[in-house]
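Here's a quick walk through a fold, for anyone who'd like to know what to look at once the viewer is open. Have the model and its sequence side by side.

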Amino acid sequence: MGNNKTRLRPETLIELTKQTDFSEQEIQEWYKGFLKDCPSGFLSVEEFKKIYNNFFPYGDASKFAEHVFRTFDANHDGNIDFREFLCALSITSRGKLEDKLRWAFNMYDVDGNGFVSRAEMLEIVSAIYKMVGSVMRMADDEATPEKRTDKIFRNMDKNNDDNISLEEFIEGAKGDPSIVRLLQFDPSSNN
């Protein structure tokens, strides 16, 4: 019969195909890899930070990884299980633009109050700058986390209340692709 530890129960597999944009075969492959990297079946914040730091060797990815971890950890129990991992991965890699933006908004909304404050945006943008280190060259109006935050707020905070709502976030990003670049830190575009 094979090792049950490396295969998902059929009912779990069916649920995950409905909840994600992955096929049964892809889910099984992701599950095997997840268990290989996380034999306990859970990913801790410390393990998550190590993974991120491997991807960004010239900077400090720890703080940004904590924010991504918080967003992956849907039930807020301090660990990421396979379901949380796969659902977040599905949104970030294969989700529709609006779903990706909603997910990103939740990461920027650190306190979970439904708005991104200037301080929350600055916290995330600062974490991104620390993560990429001095590898990236910035335009003058994005040379510091404060300048980048100001630029994002000028483009998104339509009612000038120093908070960005989910609607402002989505509309701002849809209306200006450079905002998505600012939020995602896409080095391939230098506009």
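What follows goes from the overall layout to the core, then to two helix pairs and a few single residues.

**Overall layout**

Keep in mind that this is a predicted model. The chain holds 10 helices and 4 strands. Starting at the N terminus, you'd read the elements off as α-α-β-α-α-β-α-α-β-α-α-β-α-α. Of the 191 residues, 40% are buried. Take the contacts with a separation of 6 or more: 57% of them join residues 24 or more positions apart.

**The core**

In soluble globular proteins, nonpolar side chains tend to be buried together. Here, the largest nonpolar core has 46 residues. Phe64 and Phe82 are the ones with the most contacts inside that core. Helix H7, residues 118–132, is the element that gives the most to it, with 7 residues.

Which residues does Phe64 touch, leaving aside its neighbours within four places in sequence? The list is Tyr52, Met107, Ile124, Ala127, Ile128 and Met131.

**Two helix pairs**

Let's begin with H1 (residues 10–19) and H5 (residues 82–94), which pack with their axes 10 Å apart at an angle of about 25°. An angle under 35 degrees counts as roughly parallel, so that's what H1 is to H5. Their contact is built from Thr12, Glu15, Leu16 and Gln19 on the H1 side, and Phe82, Arg83, Leu86 and Cys87 on the H5 side. Sorted by class, those residues come out as 4 nonpolar, 2 polar and 2 charged. Phe82, then, sits in this contact and is also one of the two residues with the most contacts inside the largest core. As for handedness, H1 and H5 make a right-handed crossing.

Now for H6 (residues 97–108) and H9 (residues 166–175): the axes come within 10 Å and cross at roughly 130°. That angle makes H6 oblique to H9. H6 brings Leu97, Glu98, Leu101, Arg102, Ala104, Phe105 and Tyr108 to the contact, while H9 brings Leu166, Phe169, Ile170, Ala173 and Lys174. By class there are 9 nonpolar and 3 charged residues, with no polar ones. This crossing of H6 and H9 is right-handed too.

**Single residues worth a click**

Four residues and their accessibility are set out here.

| Residue | Place | Relative accessibility |
|---|---|---|
| Glu146 | helix H8 (residues 145–156) | 44%, partly exposed |
| Glu171 | helix H9 | 53%, exposed |
| His76 | loop between H4 (62–72) and E2 (79–81) | 62%, exposed |
| Asn160 | loop between H8 and E4 (163–165) | 66%, exposed |

The two glutamates each pair up with another glutamate further back in the sequence. Glu171 is 73 residues from Glu98, yet their C-alpha atoms are 9.5 Å apart. Glu98 is one of the H6 residues in the contact with H9, and H9 is the helix that holds Glu171. For Glu146 and Glu123, the sequence gap is 23 residues and the C-alpha to C-alpha distance is 9.6 Å.

The two loop residues are of interest for their backbone. His76 has a phi near 55°, a positive value in a residue other than glycine. What is the phi of Asn160, which is not a glycine either? That one is positive as well, at about 50°.

Note on methods: Residues numbered from 1 in each chain as written. Predicted model: local features only at pLDDT ≥ 70, side-chain atom pairs only at ≥ 80, totals over all residues. Heavy atoms only, no water. Axes fitted to C-alpha atoms, helices over the stretch in contact; angles between N-to-C directions. Parallel < 35°, antiparallel > 145°, perpendicular 65-115°, else oblique. Left-handed = near helix turned anticlockwise from the far one by under 90°. Contact = heavy atoms within 4.5 Å. Nonpolar A, V, L, I, M, F, W, Y, C, P; charged D, E, K, R; others polar. Core = buried A, V, L, I, M, F, W, Y, C linked by side-chain atoms within 4.5 Å. Buried < 20%, exposed > 50% of the residue type's maximum accessible area, 1.4 Å probe, protein only.
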